[in-house]
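Student: I would like a close look at one charged residue and its surroundings. Please start with that residue and then work outwards through the rest of the chain.

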Amino acid sequence: NFQYAYLKRKVMIPGDIEDTYLDPIVTLKVMDGDPGISKDPYGYVSLNLAYMPRGMAREDWAIMDIIPEYEHPPKGKDEVFDPDDFTFSGPPKITFLNLYKAKKTLGWWPLYKKKGDYLVKTGNIRMELEVMNKEQSEKKPAGFGRHDPNANPFIPEPVRVTTKFEGIQAKLATVKFIWKSPNRWKFVIALILQLVGFIFGALLWNAPSSLAASLAG
């Protein structure tokens, strides 16, 4: 239930009126449905409805560069990102719109958190934003979340990520995700160290029996 007063007037001196213009900034936070899991939001996005970045048509295009207040962290402070965010060739064109003129928009935007002095990406969100007057809103009712009436727009049930790995396809998907990860070389080095440790342990385990056999012979 977002309400916005575009113009606020305040009488300073009898006969004089001061007009104060407020920026229509909306901050959307993504929280876990179970407060026992996490009370902190997974991320948020702040949009100035009068001058907001247009949502991207694809999820992997929702990069942090579309956020006007985003600054690249200095070298050594890497942005937290999903490897799939960088599967496209070249960034998309970033455009802005006035939602009060466009009335409606749909697309993908990045979610982020503030760490220190920098914004760090934590995910993506797909939204449909629409502004309307009171009469229009009464003709298009919408429930809170997925409560009735679940319309304008309709919100489908979430697709939850499962941790159960069944079948060869799930194992291949896990290997593909690890290989795309920026930390893939850490996984490779850890695997090599495990193999070396296993071989070394096997040699130590068989050393007494081999020594005893050689002495007996």
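Student: What is the relative accessible area of Glu-128, and which word fits this residue: buried, partly exposed or exposed?

Tutor: Glu-128 has a relative accessible area of 30%, so this residue is partly exposed. Here buried means under 20% relative accessible area, exposed means over 50%, and partly exposed is in between, with a 1.4 Å probe and protein chains only. Before we go on, remember that this is a predicted model, in which local features need pLDDT of at least 70, side-chain atom pairs count only at pLDDT 80 or more, and totals for chains, interfaces and linings use all residues. Residues are numbered from 1 along each chain as its sequence is written, and side-chain values use heavy atoms, with hydrogens and water left out.

Now for the partner of Glu-128. Its side chain meets that of Lys-104 in a salt bridge, at 3.0 Å from N to O. (A salt bridge is a side-chain nitrogen of Lys or Arg within 4 Å of a carboxyl oxygen of Asp or Glu.) Glu-128 belongs to strand E8 and Lys-104 to strand E7, so the pair ties together parts that are 24 residues apart in sequence. Lys-104 is also partly exposed, with a relative accessible area of 44%. The names come from DSSP runs, numbered from the N terminus: helices (H or I) need at least four residues, strands (E) at least two.

The whole structure holds three salt bridges. One of them starts from strand E8 as well: the side chains of Glu-130 and Lys-140 meet at 3.1 Å, N to O. This pair links distant parts of the chain, with Glu-130 in strand E8 and Lys-140 in the loop between helix H2 (134-139) and helix H3 (167-180), ten residues apart. Both ends are partly exposed, Lys-140 at 30% relative accessibility and Glu-130 at 34%.

Another salt bridge joins Asp-60 and Arg-58, whose closest N and O atoms are 2.5 Å apart. Asp-60 sits in the loop between strand E5 (52-53) and strand E6 (96-97). With a relative accessible area of 14%, Asp-60 is buried, while Arg-58 is partly exposed at 39%.

Strand E8 has a nonpolar side to its story too. The largest nonpolar core has 21 residues, and those that touch the most other members are Val-45, Leu-47, Met-52, Leu-99, Trp-109 and Met-127. (Such a core is a set of buried Ala, Val, Leu, Ile, Met, Phe, Trp, Tyr and Cys residues joined through side-chain atoms within 4.5 Å.) E4, E7 and strand E8 (118-130) each supply at least two residues of this core. E8 gives the largest share, four residues. As for Met-52, leaving aside residues up to four places away in sequence, the residues it touches include Leu-47, Phe-96, Trp-109 and Leu-129. (Contact means heavy atoms within 4.5 Å.)

Next come the rings. There are two aromatic pairs. (Rings of Phe, Tyr and Trp, using its six-membered ring, pair if their centres lie within 6.5 Å; planes under 30 degrees apart are stacked, over 60 edge-to-face and the rest tilted.) The rings of Tyr-44 and Tyr-112 have centres 4.9 Å apart and planes at 65 degrees, so this pair is edge-to-face. Tyr-44 lies in strand E4 (residues 43-48) and Tyr-112 in strand E7 (residues 104-115), so the pair ties together parts 68 residues apart in sequence. Tyr-44 is partly exposed at 21%, whereas Tyr-112 is buried at 1%. Tyr-51 and Phe-96 form a stacked pair, with 4.5 Å from centre to centre and 5 degrees between the planes. Tyr-51 is in the loop between E4 and E5 and Phe-96 in strand E6, 45 residues apart. Tyr-51 is exposed at 52%, and Phe-96 is partly exposed at 29%.

Finally, step back to the whole chain. It has four helices and eight strands, in the order β-β-β-β-β-β-α-β-β-α-α-α from the N terminus. Of its 217 residues, 19% count as buried.
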